[in-house]
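Please open the model in your viewer and keep the selection panel at hand. The stops below follow one another, each beginning with what to select.

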Amino acid sequence: MPWPRIFSAIVAIALALGMLFLGGWYFAVGCGAIVFLGQLEYFQLARAKGMAPATKTTLFVSQLLIITAALAPQLTDAVFPLAGTLICFYLLFQPKFASIGDISTSILGLFYGGYLPSYWVRLRLELAPAAAAESNSPEVASGAIAHYLDFNSNWLNAWQHPTTLSQGLTITCLAFSCIWAADIGAYVIGKFFGRTRLSDISPKKTVEGAVFGVLGSVAVGVAGAWYLQWPVWEASGTGLGLMIGIVSLLGDLTESMMKRDAGVKDSGQLIPGHGGILDRIDSYVFTAPLVYYFVTLLLPLFKA
């Protein structure tokens, strides 16, 4: 692996972990910056296909989604259709008639590049009671917004007692770890042992790498469920890891499909050795809402 790629990966992981552990507005602002840069690359792909999306309006309302997810997460789902309406109004009053492609590309940019990533902010900062019923933290019990490190005990000792940690922190850490395990497992096994092409959309991906990546995600999910003392941790951890492993792969293939259609190898050149922002966050886009609803809706069912 080239040194620029390794160095860029180390810097990216350090920034991601810093945002994750600091939480609060550090995490929200970091996600907002990633959304902004990712959408710029997405709209560049769209323009390469001759589309004329409402770029500035979509960028603006997407940041409103991130802010809403941080301040009032329960209103995020209401802001999304309002944001889409505003985009359509903007396109309606342009000197040049907007095409179906222009409208569709703009709305997809809002959904794919803004709304779905906003679930990471909700997952990290919103302490849903359903996701934290077993915690002894008064912040968790009251459903408060997580700020900074979210610990009610010493940093070093807190990890020995996961119930003292913010649910938003631990669950987001677990989700990130599953994605990383899936990506690393798929890359290593696919590179050295992959023989069967997975899809023509992404020729370098192999069935062997994909299977091992999903298994790696499952292994981390089970270990995390045991550590967090989830009910029926074998089943709940397997379910989470399997879901993340599969969906992160589908997210990667979806972004590859958009790049192939636009006729480019990478979505951008922002990250040396890795391409653009979208090339790095494609596995995270569809994962966020599924993890959020797994924890808030499905996990409590394991206690029944």
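**Aromatic pairs**

Begin by selecting the aromatic side chains: the structure holds 15 aromatic pairs, where rings of Phe, Tyr and Trp (its six-membered ring) pair if their centres lie within 6.5 Å, and planes under 30 degrees apart count as stacked, over 60 as edge-to-face and the rest as tilted. This is a predicted model, in which local features need pLDDT of at least 70 and side-chain atom pairs count only at pLDDT 80 or more, while totals for chains, interfaces and linings use all residues. Residues are numbered from 1 along each chain as its sequence is written, and side-chain values use heavy atoms, with hydrogens and water left out.

Select Phe176 and Tyr284. Their ring centres are 5.5 Å apart and their planes stand at 85°, so the pair is edge-to-face. The two residues come from distant parts of the chain, 108 residues apart: Phe176 belongs to helix H8 (residues 167-193) and Tyr284 to helix H11 (residues 277-285). Helices (H or I, at least four residues) and strands (E, at least two) are DSSP runs, numbered from the N terminus. Both Phe176 and Tyr284 are buried; buried means under 20% relative accessible area, exposed over 50%, and partly exposed in between (1.4 Å probe, protein chains only).

Next, select Phe80, Phe111, Tyr115, Tyr119, Tyr292 and Tyr293, which ring pairs link into a cluster. Add Arg122 to the selection: its charged end sits over the ring of Tyr292, 4.8 Å from the ring centre. A charge sits over a ring if NZ of Lys or CZ of Arg is within 6 Å of the ring centre and within 35 degrees of the ring normal.

**Helix H11**

Return to Tyr284 and select the whole of H11. How many of its nine residues are buried? Eight of the nine are, and H11 is thus mostly covered. The buried residues are Ile277, Leu278, Asp279, Ile281, Asp282, Ser283, Tyr284 and Val285. Display the surroundings as well: the cover over these residues includes H2, H5, H8, H10 and helix H12 (287-298).

**Salt bridges**

Now colour the charged side chains. A search of the whole structure finds six salt bridges, each a side-chain nitrogen of Lys or Arg within 4 Å of a carboxyl oxygen of Asp or Glu.

Keep Asp279 of H11 in view and add Glu255 and Lys259; salt bridges link these three residues in a network. Between Lys259 and Glu255, the closest N and O atoms are 3.6 Å apart. These two residues lie four residues apart in helix H10, so about one helical turn separates them. Lys259 is buried at 11% relative accessibility, and Glu255 is buried at 1%.

Move along H10 to Asp261, and select Lys49 with it. Their side chains meet in a salt bridge of 3.4 Å, N to O. The partners are 212 residues apart: Asp261 is in helix H10 (residues 233-262), whereas Lys49 is in the loop between helix H2 (24-48) and helix H3 (55-71). Both ends are partly exposed, Asp261 with a relative accessible area of 49% and Lys49 with 41%.

Then select Arg197 and Asp200, whose salt bridge has its closest N and O atoms 3.3 Å apart. Arg197 is partly exposed at 48% relative accessibility, while Asp200 is exposed at 57%.

**The loop between H9 and H10**

Select Gln229 in the loop between helix H9 (207-227) and H10. This residue is not a glycine, yet has a positive phi of about 60°; Gln229 is exposed, at 52% relative accessibility. Val232 lies in the loop between H9 and H10 too. Its phi is also positive, near 45°, and Val232 is partly exposed, with a relative accessible area of 43%.

**The nonpolar core**

Select Trp230. Which residues does it contact, leaving aside its neighbours within four places in sequence? They are Ile171, Leu174, Ala225, Ser236, Leu240, Phe294 and Leu299, a contact being heavy atoms within 4.5 Å.

Extend the selection to the largest nonpolar core, which has 55 residues; Trp120, Val121, Trp230, Leu240, Met243, Ile244 and Val291 touch the most other members. Such a core is a set of buried Ala, Val, Leu, Ile, Met, Phe, Trp, Tyr and Cys residues joined through side-chain atoms within 4.5 Å.

**The whole chain**

Finally, select everything. The protein chain contains twelve helices and two strands, and buried residues make up 50% of its 304 residues.
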